[in-house]
Amino acid sequence: MYRFLLTPRWFGINVFVLLAIPFCVFMGSWQLSRFEYRMAESRDATQQVSTDEREPARPLAEMLPVDKATSGKQVTATGRYDRQLLVPGRQLDDREGYYVLTLLRTDGGKALPVVRGWLPGTPDPAKVPAAPKGEVTVTGALQASETPGDNGVSAQGGLPAGQTAAISAASLINLVPYDVYDAWVTLNTGDAGMRAVPASAPADSGLDLKAFQNLGYTGEWFVFAGFVVFMWFRLVRREVEFFRDAELGILPDDEQPSEEQPSEEQPAQEQSAQEQPQEKTTA
């Protein structure tokens with residue numbers, strides 16, 4: 001009964017199934033390994049941030065440009081504080097607040113964005129402590145420029161004067177008349193009683209949307225493998241049932257003779273009925 005599995009049509013189906021199942025399992029395992037890699041990378045990045053806080057600070061120029069290797073490292077820079085901006089919509093310990101961002105004019109002429117601390121509530125310039133006067137040396141964790149819309153960074157426009165949504169050179173260059181470093185620093189200790197903003201892990205090193213996409217793709221590939229097996233058994237069962245019905249003389253509905261269709265004997269009977277009256281007339 002199962003000899004049909006050796007026919008050319010079923011040979012092609014069997015080959016497809018034998019190739020599809022290991023391929024789906026391989027792709028699912030690969031996606032799972034990508035998710036596990038991102039989890040390990042996230043743990044390592046979080047631990048690295050804590051380790052970087054204990055390392056000696058190095059000059060800012062030696063740590064640029066910011067990448068995964070330098071993000072979170074301790075840097076030091078010297079200059080004079082200039083313009084001050086507020087960054088609304090920033091949470092700390094599940095509380096809504098804002099960053100106090102002050103541009104540090106360095107000896108090289110460029111300005112380094114420095115987050116001096118965090119304050120709760122809505123941005124209010126009257127509540128913000130003034131920046132220190134004169135030349136200062138700051139020490140903090142180096143961070144990459146933010147991208148609006150990523151990692152919770154607001155892409156809101158039309159903010160009041162003195163506010164910015166993202167800490168990035170692309171945003172700040174439109175607010176100040178001098179060049180800005182493509183990086184920023186968060187102080188290890190909050191200035192003037194403000195709470196220090198902790199350094200964040202480098203971009204693409206946490207459990208972001210991409211990581212959970214890998215986990216979702218893992219499930220999809222294993223579902224595909226199960227679906228292939230299910231359809232193969234379903235087709236085999238259907239073929240076996242067909243052969244059993246054929247052995248019992250049971251034909252499918254499309255092969256049953258129609259009740260309205262005249263049988264082959266009916267035309268012959270009608271012809272005999274027509275010839276009988278003619279013979280009587282001749283006699």
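**Strand pairing and selected sites in a predicted model**

Strands β2 and β3 are paired in the antiparallel sense, with 11 bridges between them. I should say at once that we are looking at a predicted model. Within this β2 and β3 pairing, Gln91 stands opposite Glu96 in β3. The hairpin that the two strands form has 2 residues between the strands, and Asp93 takes a positive phi there, near 55°.

Let me stay with β2, which covers residues 74-92. Strand β1, residues 58-59, pairs with β2 in the parallel sense, and this pairing has 2 bridges. Here Arg58 stands opposite Val75 in β2. Strand β2 is also joined to β5, in this case by 7 bridges, and those two strands run antiparallel. In that pairing, Thr78 stands opposite Thr137 in β5.

I turn next to β4. Strand β3, residues 95-106, is joined to β4 by 9 bridges, and the two run antiparallel. Leu112 in β4 is the bridge partner of Leu104. The β3 and β4 hairpin has 4 residues between the strands, and in this hairpin Gly109 takes a positive phi near 100°. On its other pairing, β4 is joined to β6 by 2 bridges, and here the strands run parallel. Val115 stands opposite Thr186 in β6. How much of strand β4 is buried? The strand, residues 111-120, is mostly covered, with 9 of its 10 residues buried.

Now to the loops. Glu146 is found in the loop between β5 (135-143) and α2 (169-172). Is Glu146 buried or exposed? Its relative accessible area is 15%, and buried means under 20%, so Glu146 counts as buried. The side chain of Glu146 makes a polar contact of 2.7 Å with the side chain of Arg90.

A second loop site is Pro198, in the loop between β6 (184-187) and α3 (209-247). Pro198 has a relative accessible area of 51%, and the cut-off for exposed is over 50%, so this residue is classed as exposed. The C-alpha atom of Pro198 is separated by 7.6 Å from that of Asn188, and the two residues are 10 residues apart along the chain.

Finally, I come to helix α1, residues 8-53, where Leu19 is found. Leu19 is exposed, with a relative accessible area of 59%. Together with Phe11 and Val15, Leu19 makes a nonpolar surface patch of about 310 Å².

Thank you; I welcome your questions.

Key:
Residues numbered from 1 in each chain as written. Predicted model: local features only at pLDDT ≥ 70, side-chain atom pairs only at ≥ 80, totals over all residues. Heavy atoms only, no water. Patch = residues over 30% accessible without salt bridge, like charges linked within 9 Å, V, L, I, M, F, W, Y side chains within 5 Å. Areas by Shrake-Rupley, 256 points an atom, 1.4 Å probe, with all protein chains shown as cover. Salt bridge = Lys/Arg side-chain N within 4 Å of Asp/Glu carboxyl O. Buried < 20%, exposed > 50% of the residue type's maximum accessible area, 1.4 Å probe, protein only. Pairing = 2+ DSSP bridges. Polar contact = N/O pair within 3.5 Å; in protein donor to acceptor, adjacent residues only side chain to side chain.
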